[in-house]
Structure formats: structure tokens, C-alpha cells
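User: Hi! Could you walk me through this structure, one question at a time?

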Amino acid sequence: MKSPIEEAARLLDSIETMVLAVELEHGGAHAAPLYFVRGKGFALYWLSSPASLHSREISRTGAAAAAVFRPSRQWADLRGVQIRGRAAAVRKSRDIIDAYKAKFRLGNELDSVIARSRLYRLEPRWMRLIDNRRGFGWNMEWEFPASEQK
């Protein structure tokens, strides 16, 4: 097995969907499944409408959490990554958009949808890798300093 931090990166790169969670203004939480791509380090990027509930709450709070996991039917196969951090709409990056299009084999057929969408980034402040292959409940956590990326 790879080191835990390498395993977390490989897992994020091999899974297409994350569940993004945000806190709602009047209490409660909202979760949305979204396609994502990993950028530099462990930053997660996705495209979304600024009118969607999760986008509006990110605009309001600047915070989000995500869960990324490989589907499994047996407890011993459960593997995933949990992330909490700062989230925001960011300027579209050709490199990130190209990586997104390549990961999902989009070609150019959704360029008009991508043009109407905003690019968002979740910059982790905390991350946990869960890997039951290493033993039931095995996990490792990391904390990351605030990024200077804009």
C-alpha cells in the first residue's frame, strides 16, 4: 500500500463524485452530489450554477465539507476522504477546466454549459482518510494551513 497521504490523493483522483455539504442560513444542512476534479494539493474544484442552493450558501459563509468514497458492500472495503475547509467561486482556470473535461471525457459538447457555470474550489483546512482495509475504523487526519491562493 502507498503512504496514507498518497492513498488519499489516488482515491480523490479515481472517484468522480463528491457529496458537498453546506450549512443553511436558518439552521440545518444541505448536501449535493457533484462531479469534481482535484487540483494542486488537495483542493477540489467543481462547476455549478451560482443560483444553486449550495453555491448561494458558499457565497454567504465561505465554508463547506465534502465526502468522497468508493462504493462498497462490505465494511472491510470502505475507503474514503472527508474534507472541511474554505469554499468559494474562483476565476476559471484553463488547466482546471481541461482537467475536468478530461476526467469526465466531455469533449466540447458541454462548452456552453461550462461557460454559464462558475468554477468553485474547496480548499481543505482538515482532511481525514478512512480505510477499513487497514483495519476496522482505521483513519488518519491532517490539518492544512490557510492557503494564500485567490
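User: Happy to start with a helix. Which residues of helix H2 are buried, and on how many sides of H2 do they lie?

Analyst: Glad to help, and please keep in mind that this is a predicted model. Helix H2 spans residues 53–61, and its buried residues are His54, Ser55, Glu57 and Ile58. They cover an arc of only 165° around the axis, which puts them on the same side of H2.

User: What do the buried residues of H2 pack against, and which residue with a positive phi follows H2?

Analyst: The buried residues of H2 pack against strands, namely E1, E2, E4, E5, E6 and E7. Past the helix, the backbone takes a positive phi near 75°. The residue that follows H2 with this phi is Gly62.

User: Let's turn to helix H3. Which of its residues are buried, and which exposed residues are on the face turned away from the buried side?

Analyst: In H3, the buried residues are Ile96, Ile97, Tyr100, Lys101 and Lys103. Seen down the axis of H3, they fall within an arc of 165°, so they line one face of the helix. The face turned away from that buried side carries the exposed residues Arg94, Asp95 and Ala102.

User: What covers the buried residues of H3?

Analyst: The cover includes both helices and strands. The helices are H1 (4–14) and H4 (111–116). On the strand side, the cover includes E2 (29–35), E3 (37–38), E4 (44–48) and E7.

User: Lys103 caught my eye. Which side chain of opposite charge is nearest to Lys103, and how far away is it?

Analyst: Lys103 is found in helix H3, which covers residues 94–103. Leaving out residues up to four places away in sequence, Lys103 touches Leu12, Asp13, Ile15, Glu16, Phe36 and Val37. A salt bridge needs a side-chain nitrogen of Lys or Arg within 4 Å of a carboxyl oxygen of Asp or Glu. Lys103 is buried yet has no salt bridge, and the nearest side chain of opposite charge is Asp13, at 5.9 Å.

User: What phi does Arg105 take, just after H3?

Analyst: Arg105 comes just after H3, and its phi is positive. The value is about 50°.

User: On to the aromatic rings. How many aromatic pairs are there, and what kind is the pair of Tyr35 and Phe104?

Analyst: The count comes to 5 aromatic pairs. In one of them, Tyr35 and Phe104 lie 4.7 Å centre to centre with 50° between the planes. The pair links distant parts of the chain, with Tyr35 in strand E2 and Phe104 in the loop between H3 and H4, 69 residues apart. By its angle, the pair of Tyr35 and Phe104 is tilted.

User: Are Tyr35 and Phe104 buried or exposed, and which residues form a cluster through ring pairs?

Analyst: Tyr35 is partly exposed, with a relative accessible area of 47%. Phe104 has a relative accessible area of 16%, and under 20% counts as buried, so Phe104 is buried. Ring pairs link these two with a further residue into a cluster: Tyr35, Tyr100 and Phe104.

User: What about the rings of Trp75 and Phe136: what kind of pair are they?

Analyst: Trp75 sits in the loop between E5 and E6, while Phe136 is in the loop between E7 and strand E8 (139–143), 61 residues apart. Trp75 counts as exposed at 53% relative accessibility, and Phe136 is exposed with a relative accessible area of 68%. Their ring centres are 5.3 Å apart and their planes stand at 80°, so the pair is edge-to-face.

User: How do E5, E6 and E7 pair, and which residue stands opposite Arg84?

Analyst: Strands E5 (residues 63–70) and E6 (residues 79–90) run antiparallel and are joined by 8 bridges, with Gln82 of E6 as the bridge partner of Ala67. E6 also pairs with E7 (residues 118–131) in the antiparallel sense, over 12 bridges. In E7, the residue opposite Arg84 is Trp126.

User: Last one: where does Ala31 lie, and how far is Ala31 from Val19 in space?

Analyst: Ala31 lies in strand E2 and is partly exposed, with a relative accessible area of 47%. Beyond its neighbours up to four places away in sequence, Ala31 touches Val19, Leu20 and Ala21. Ala31 and Val19 are 12 residues apart in sequence, and their C-alpha atoms are separated by 6.3 Å.

Terms used:
Residues are numbered from 1 along each chain as its sequence is written. This is a predicted model: local features need pLDDT of at least 70, side-chain atom pairs count only at pLDDT 80 or more; totals for chains, interfaces and linings use all residues. Side-chain values use heavy atoms; hydrogens and water are left out. Two strands pair if DSSP finds at least two bridges between them. Helices (H or I, at least four residues) and strands (E, at least two) are DSSP runs, numbered from the N terminus. Buried means under 20% relative accessible area, exposed over 50%, partly exposed in between (1.4 Å probe, protein chains only). Lys and Arg count as positive and Asp and Glu as negative; His and the chain ends are not counted. Contact means heavy atoms within 4.5 Å. The arc is that of the directions from the helix axis to the C-beta atoms. Rings of Phe, Tyr and Trp (its six-membered ring) pair if their centres lie within 6.5 Å; planes under 30 degrees apart count as stacked, over 60 as edge-to-face and the rest as tilted.
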